[in-house]
Amino acid sequence: MVEDKIADMLTRIRNANQLKYDTVDVIGTKMTCEIARILKEEGYISEYKLVESKNGNTLTLNLKYTEDKKTRVITGLKRISKSGLRVYVEHDKLPRVLNGLGIAIISTSKGIMTDRDARKQNLGGEVLAYIW
């Protein structure tokens with residue numbers, strides 16, 4: 001049983017990305033679906049699909065590469081807030097990843113969003129991950 005599903009998702013994406021796989025399957029939860037939605041909106045993945053079954057839901061992510069499939073769109077992923085050490089920030093101290101070239105995924109009281117959206121709405125919250 002996987003305890004930290006977000007860290008598992010990021011690790012699977014990182015490994016599949018390094019081996020230049022087209023798709024990767026992760027555990028399908030509400031949290032991982034929201035993270036996949038953000039990754040699609042920000043252009044890091046091309047598509048995602050939730051497959052429901054009685055054994056558990058599976059989320060299939062289609063990874064993006066350049067047209068010649070030599071360069072990856074996702075160059076790095078990092079889990080920030082862990083089960084042993086939660087990282088919370090206020091709205092005026094939201095992190096910038098690579099001076100705005102990457103995104104920070106924030107869990108706020110109004111849902112999961114990027115650092116840019118949280119900054120616009122003046123919301124703080126838990127920093128889940130950095131993606132660049």
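Which residue of β3 stands opposite Lys49? The legends below cover this pair and its surroundings in a predicted model.

**View 1. The pairing of β2 with β3.** Lys49 stands opposite Thr60, a residue of β3. The two strands, β2 and β3 (residues 58–63), run antiparallel and are joined over six bridges. Strands of a sheet pair through backbone hydrogen bonds, in either a parallel or an antiparallel arrangement.

**View 2. The open sheet of three strands.** The strand order is β1-β3-β2, with antiparallel pairing. β1 (23–27) and β2 (45–51) are the edge strands, each paired on one side only. On average, neighbouring strands in this sheet are turned by 20 degrees against each other, ignoring direction.

**View 3. Helices α1 and α2 against the sheet.** Helix α1 (residues 5–18) lies across β1 and β3, and runs at about 170 degrees to β1. Helix α2 (residues 30–41) also packs on the sheet, where α2 touches β1, β2 and β3. The direction of α2 makes about 155 degrees with that of β2.

**View 4. The largest nonpolar core, centred for this view on Ile13.** This core has 26 residues, of which Ile13, Leu61, Ile105 and Ile131 touch the most other members. Two or more residues each come from α1, β1, α2, β3, β6 (103–108) and β8 (125–131). Leaving aside residues up to four places away in sequence, Ile13 touches Val24, Leu39, Leu61, Leu63, Ile74 and Leu77.

**View 5. The second core.** A separate core of 10 residues includes Val89, Ala104, Met113 and Ala118. One of these residues, Val89, is shown again in View 6 with its bridge partner in β8, Gly125.

**View 6. Strand β8 and its pairing with β4, β5 and β6.** β8 is mostly covered, with six of its seven residues buried. Strand β4 (residues 77–79) pairs with β8 in the antiparallel sense over three bridges, and Lys78 has Tyr130 of β8 as its bridge partner. Strand β5 (residues 88–89) is likewise antiparallel to β8, over two bridges. The pairing of β6 with β8 is antiparallel and spans five bridges. Here Ile105 has Ala129 of β8 as its bridge partner; Ile105 is also one of the residues that touch the most other members of the largest nonpolar core.

Definitions and conventions
Residues numbered from 1 in each chain as written. Predicted model: local features only at pLDDT ≥ 70, side-chain atom pairs only at ≥ 80, totals over all residues. Heavy atoms only, no water. Pairing = 2+ DSSP bridges. Helix = DSSP H or I, 4+ residues; strand = E, 2+ residues; numbered from the N terminus. Axes fitted to C-alpha atoms, helices over the stretch in contact; angles between N-to-C directions. Contact = heavy atoms within 4.5 Å. Core = buried A, V, L, I, M, F, W, Y, C linked by side-chain atoms within 4.5 Å. Buried < 20%, exposed > 50% of the residue type's maximum accessible area, 1.4 Å probe, protein only.
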